[in-house]
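Student: I've got a chain here that I'd like to walk through with you. Can we start with the surface and then work our way inward?

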Amino acid sequence: MKTIYILTLFPNMFDGFLSNSIVQRAIAKKIINIKIINIRDYTLDKYHRVDTPPIGGGAGLIMKCQPIIDALFSIPNKSDCHTILLSPRGMTFKQQNAQNLARLNKDLIIICGHYEGIDERVNKYVDELISIGDYILTGGEIGAMAISDSIIRLIDGAIASESIKEESFNDSVLEYPQYTEPYDYKGDKVPDILYSGNHQAIAKFRRKQSLYLTRKYRPDLFEKLVLNKQDIKLLEELDKGEDNPEWMQKALQKGHKFIKN
């Protein structure tokens, strides 16, 4: 069972996260163990402070290194853990990072910064710096939840494997559109091909939609795609405006009895 240790000044922020359905089930099934460590419990400051103004002047408050490092070394198997510090210096977190960390045969430690930053000397105690994006948050807690959630759902047994297989980013493409009942909502209908019962044609339709959405909304991902012959042909159909190509017509004809009127 993998354990994720989260070092934070605000442990109560994780109450809702830990009671989230998927996370809560994973903990109950002993698939994952999450331990929240309050950095404040480790300060040696006689006034119980965990932050002070920066030496040399500057705005705001800086988290002191002593409470963080002592909290870090309170973890019994610290030497066998992979330690992450949320930092704007880190590479932006992506699905591939989540997959790598889920497969890593080590427990994880995530350190949440706060205020204007942390004492530089903490950096030498971590294995990896991670950023969740080029924007400013008040602390690392939201980032720690995002990273933990993305990892937990990839661990065997947390959710159905079929759900993971076809998600966005797993194949460097966005996920295809999903529909549910009713068939017709205010004139907006579910594509008939999804009722055809032809799994091969449905997969082809969904791939075409994934390619379309990725090219439209995430050209950065689309540029990295290695396209096969079928992908190229599907893109040609899109470029020509072929909304009902021959392969789809055949699938609809064969499955007409399943299609709603």
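Tutor: Happy to. Keep in mind that this is a predicted model. The accessible surface of the chain comes to about 15,600 Å², and the share of it that belongs to carbon and sulfur atoms is 51%.

Student: What does the secondary structure of the chain come to?

Tutor: Going by the runs along the chain, there are both helices and strands to tally. The total is 10 helices and nine strands.

Student: Is the chain a compact globule or more spread out?

Tutor: For 261 residues, the globule rule gives a radius of gyration of 18 Å. The chain has 24 Å, well over that value. Along its principal axes, the C-alpha trace spans about 80 × 40 × 40 Å. So compared with a compact globule, the chain is more spread out.

Student: How many of the residues count as buried, as a percentage?

Tutor: Buried here means under 20% relative accessible area. Out of the 261 residues of the chain, the share that passes is 42%.

Student: And what share of the contacts comes from residues 24 or more positions apart?

Tutor: Take the contacts in the chain with a separation of 6 or more. Residues 24 or more positions apart account for 75%.

Student: How far apart are the mean positions of the positive and negative charges?

Tutor: The chain has 35 positive and 34 negative charges. Average the positions for each sign, and the two means are apart by 3 Å.

Student: Now the cysteines. Why is cysteine 81 not bonded to cysteine 112?

Tutor: A disulfide needs the two sulfur atoms within 2.5 Å. The closest cysteine sulfur to that of cysteine 81 is in cysteine 112, and that is too far for a bond. Cysteine 112, likewise, is in no disulfide. The gap between the sulfurs is 15 Å.

Student: Are those two cysteines buried or exposed?

Tutor: Cysteine 81 has a relative accessible area of 4%, and cysteine 112 has 1%. The cut-off is under 20%, so cysteine 81 and cysteine 112 both count as buried.

Student: Which residues does serine 87 touch, leaving aside its neighbours within four places in sequence?

Tutor: Serine 87 is in strand S5, residues 81-92. At 11% relative accessibility, serine 87 counts as buried. Its contacts are Leu129, Ile130 and Ser131.

Student: What do the buried residues of H3 pack against?

Tutor: Helix H3 covers residues 65-73, and its buried residues are Cys65, Pro67, Ile68, Ile69, Ala71 and Leu72. In an α-helix, residues three or four places apart point the same way. The packing partners of H3's buried residues are S1, S2, S4, S5 and S6.

Student: Any odd backbone? Where does the cis peptide bond sit?

Tutor: Most peptide bonds are trans. The cis one has an omega of about 10°, and its proline lies in the loop between helix H6 and strand S8. The bond joins glutamate 181 and proline 182.

Student: What is the phi of histidine 48?

Tutor: Most residues other than glycine have a negative phi. Histidine 48 lies in the loop between strands S2 and S3, and at 60% relative accessibility it counts as exposed. Its phi is positive, near 65°.

Student: And what is the phi of lysine 186?

Tutor: Lysine 186 is in the loop between S8 and strand S9. With a relative accessible area of 75%, lysine 186 is exposed. Its phi is also a positive value, near 55°.

Methods:
Residues are numbered from 1 along each chain as its sequence is written. This is a predicted model: local features need pLDDT of at least 70, side-chain atom pairs count only at pLDDT 80 or more; totals for chains, interfaces and linings use all residues. Side-chain values use heavy atoms; hydrogens and water are left out. Helices (H or I, at least four residues) and strands (E, at least two) are DSSP runs, numbered from the N terminus. Buried means under 20% relative accessible area, exposed over 50%, partly exposed in between (1.4 Å probe, protein chains only). The radius of gyration is taken over C-alpha atoms; the globule rule is 2.2 Å times the number of residues to the power 0.38. Contact means heavy atoms within 4.5 Å. Accessible areas come from the Shrake-Rupley method with a 1.4 Å probe; for residues, only the protein chains shown count as cover. Lys and Arg count as positive and Asp and Glu as negative; His and the chain ends are not counted. The place of a charge is taken as NZ of Lys, CZ of Arg, CG of Asp or CD of Glu.
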